[in-house]
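Student: I have a structure open and some terms I would like to test. Can we go through them one by one?

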Amino acid sequence: YMRGTVTAFSPFDARADAEALRKAMKGMGTDEETVLKILTSRNNAQRQEIAAAFKTLFGRDLVDDLKSELTGKFETLMVSLMRPTYIFDAHALKHAIKGAGTNEKVLTEILASRTPAEVRNIKQVYLQEYEANLEDKITGETSGYFQRLLVVLLQANRDPDGRVDEGLVEQDAQVLFRAGELKWGTDEEKFITILGTRSVSHLRRVFDKYMTISGFQIEETIDRETSGDLEKLLLAVVKCIRSVPAYFAETLYYSMKGAGTDDDTLIRVMVSRSEIDLLDIRQEFRKDFAKSLHQMIQKDTSGDYRKALLLLCGGDDE
């Protein structure tokens, strides 16, 4: 059951698309419109077939051609669309932990929002593609409780959803209350264990119970009692437990709000969710921010980059 804006295109002809793309990029100047129309209206599996046909017909690498013909954010977006789905997250994580400085935002976004099955897959792909252990790489670049929560999430051992035991809900809520609001200093470990390992349906009940006991939303406590990267990660985990689409709606909103746009985040979320839940994200966006995702992209971006993002967005929610 997918709630993406991008689905398989039909009738699909990989060779015809490859030929159209070659023509669009051949000779002087590039017909960007053709490139963006084709790549945003085919799903990822079809884009891989187009790349294979492109190589077969012309002996050229489609991604290399895109890189040499396009520039800037538009180029980044098109190249991101061409990345095979299975490797998308592993690639993003690899680049988040390479070289000087770690991009904690990327680690947080991916590890807080992906399902345990997705995380297991990311670890496997990372090992195959980069011949390195993702957990080792992440622990080498992070520290403290932030690192510990990432490691817990990387274990991908969250309890599966099942019948919720109200007694255990009460117990966890009390433990969190004592660890957060009642304690001088916060017992971070309790937060990490409970938020990182309990099932989604159990935690949703725990958050309700926490509110009843303390008079605060759990987010308010985290906000007050923790700071820095740990705070951001705990909040992301809580938001994703409540609703993954709502978390991404907020992520997109803040990537565009205020001066300047965080284009890396905008591109990463639009591409990675386009076949999964972008319709739900759009709905949440409209509800939470009193404007549509479409309107915000329209206002915040320009040129071919904007055209391509709007096509991925797939429609306006008045």
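Student: Which residues does Asp 277 touch, not counting residues up to four places away in sequence?

Tutor: Keep in mind that this is a predicted model. Asp 277 touches Arg 3, Gly 4, Val 244 and Pro 245. Asp 277 itself sits in the loop between helix 17 and helix 18.

Student: Why is Asp 277 called buried?

Tutor: Buried means under 20% relative accessible area. Asp 277 has 6% relative accessibility, so Asp 277 counts as buried.

Student: What about Arg 282: where is it found?

Tutor: Arg 282 is in helix 18. Its relative accessibility is 9%, and therefore Arg 282 counts as buried too.

Student: What makes the pair Arg 282 and Asp 317 a polar contact?

Tutor: The cut-off is 3.5 Å between N or O atoms, with one able to donate a hydrogen and the other to accept it. The side chains of Arg 282 and Asp 317 are 3.1 Å apart in their polar contact. That is within the limit, so the name applies.

Student: Which other residues does Arg 282 touch?

Tutor: Leaving out residues up to four places away in sequence, its partners include Thr 5, Leu 293, Cys 313 and Gly 314.

Student: Cys 313 is a cysteine. How many disulfides does the structure hold?

Tutor: Zero. A disulfide is a covalent bond between the sulfur atoms of two cysteines.

Student: How do you know that Cys 240 is in no disulfide?

Tutor: A disulfide needs two cysteine sulfur atoms within 2.5 Å. For Cys 240, the nearest cysteine sulfur is that of Cys 313, 20 Å away. The limit is not met, so Cys 240 is in no disulfide. For Cys 313, the nearest cysteine sulfur is that of Cys 240.

Student: Are these cysteines buried or exposed?

Tutor: Cys 240 is buried, because its relative accessibility is 8%. Cys 313 is buried as well, with a relative accessible area of 0%.

Student: What makes helix 17 mostly covered?

Tutor: Count its residues. Helix 17 spans residues 263-273, and 10 of its 11 residues are buried. Among them are Asp 263, Leu 266, Val 269 and Arg 273.

Student: Which way does helix 17 cross helix 20, left-handed or right-handed?

Tutor: The crossing is left-handed. The two helices pack at an angle of about 35°, with their axes 10 Å apart. From helix 17, Asp 263, Leu 266, Ile 267, Met 270 and Val 271 make the contact. From helix 20 come Tyr 305, Leu 309, Leu 312 and Cys 313.

Student: Which classes do the residues of that contact fall into?

Tutor: Eight are nonpolar, none is polar and one is charged. Asp counts as charged, so Asp 263 is the charged one.

Student: How do helix 7 and helix 10 pack?

Tutor: Their angle is about 35° and their axes are 10 Å apart. Helix 7 also passes helix 10 in a left-handed crossing. Contact residues include Leu 107 and Thr 108 of helix 7, and Phe 146 and Leu 150 of helix 10. By class, this contact has seven nonpolar, one polar and one charged residues.

Student: One last residue. Why is Thr 251 called buried?

Tutor: Thr 251 lies in helix 16. Its relative accessibility is 15%, which is under 20%, so Thr 251 counts as buried. Beyond its neighbours within four places in sequence, Thr 251 is in contact with Glu 109, Thr 265 and Val 269.

Terms used. Residues are numbered from 1 along each chain as its sequence is written. This is a predicted model: local features need pLDDT of at least 70, side-chain atom pairs count only at pLDDT 80 or more; totals for chains, interfaces and linings use all residues. Side-chain values use heavy atoms; hydrogens and water are left out. Axes are lines fitted to C-alpha atoms, for helices over the stretch in contact, and angles run from 0 to 180 degrees between N-to-C directions. Helices (H or I, at least four residues) and strands (E, at least two) are DSSP runs, numbered from the N terminus. A crossing is left-handed if the near helix is turned anticlockwise from the far one by less than a right angle, and right-handed if clockwise. Contact means heavy atoms within 4.5 Å. Buried means under 20% relative accessible area, exposed over 50%, partly exposed in between (1.4 Å probe, protein chains only).
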